[in-house]
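Here's a quick tour of one model, aimed at someone who likes to know the cut-offs. Have the viewer open as you read.

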Amino acid sequence: LHDALPIWHQVTPEFDPNTQHKYTWPQFNVFRAAVRYLEAEFRILSLHDGLARINHGSLRGPCVALTFDDGDISIADYVAPFLRQRQIPATLFINTAYLGGRSSYWSPILSYLIASENACGRAALTNQLRTEALQLREIRHAKLYNRVRTEVEKLAFLVPDLGSRLVSEHWLSKLDGDQFVIGAHVDEHERF
C-alpha cells in the first residue's frame, strides 16, 4: 500500500507504457486498497476543510485529504466513479495549459516516445535528450530541468490522440463541487 499513497496522477487497471509513467502510476486495485486503508485509519476530509481546521486549530485525530495532479483521463474513468460511490471528497489539481490536448506535460510524451515503434518519434528524441529526460525526476537544477522539460514538451505533436489522454473542460464542469474541488495547478512543471 505504501507505494500507492504518495503520488496520484494516473490510476488504471493495467500499465500502458505509451501513456503512463511508472513513478506516477499505481494499479487501480492497489489504489482502491490504499483508499480503503485510509478510510479505516483516518478521517478523510476535503483539502479545503482540512486546511480550514488547521487554520482554526480544530483539526483533531488522524485526518487525510486526497489530491490528484494534472488531470489524466484515468481520474474520470476510474478514480472519480470509485470515490463518488464511496462519497469520498478529493481535490483535482488541473493543469489548464493541457486542457483540450493542445499540449501535455513531459512525462506522457516521454513515455510514448520511448515505447513507440514510430521512427519519427525515435528520431525526435535524440540520445542526449533521452538521457537527460530519463533523469528529469531527479534533476534539482532549475534551468536544466526547465530546458529538458520544455524540449520534451515541444514533441507533443508526435503523440496521437493527446486530447483523449486528459480530462476535458466539459467533464470538469459536470463534477459535483461539494465532493470534488478543482484546484489550480501551475501551467508548467517548472522547478524554481
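What follows covers the ground rules, a sheet and a helix pair.

## Ground rules

This is a predicted model, so to speak with filters on: local features need pLDDT of at least 70, side-chain atom pairs count only at pLDDT 80 or more, and totals for chains, interfaces and linings use all residues. Residues are numbered from 1 along each chain as its sequence is written, and side-chain values use heavy atoms, with hydrogens and water left out.

## The sheet

Three strands make an open sheet in the order β3-β4-β5, with parallel pairing. Strands here are DSSP E runs of at least two residues, helices are H or I runs of at least four, and both are numbered from the N terminus; two strands pair if DSSP finds at least two bridges between them. β3 (67–70) and β5 (180–184) sit at the edges, each pairing on one side only. On average, neighbouring strands are turned by 25° against each other, direction ignored.

Strand β4 (residues 90–94) is joined to β5 by five bridges. One residue pair to click on: L92 has I182 in β5 as its bridge partner.

## The helix pair

Helix α4 (residues 106–115) and helix α6 (residues 127–134) have axes that come within 11 Å and cross at roughly 130°. Axes are lines fitted to C-alpha atoms, for helices over the stretch in contact, with angles from 0 to 180 degrees between N-to-C directions. The two helices are therefore oblique to each other (not under 35 degrees, over 145, or 65 to 115).

On the contact side (heavy atoms within 4.5 Å), W106, L110 and I114 of α4 meet R130, A133 and L134 of α6.
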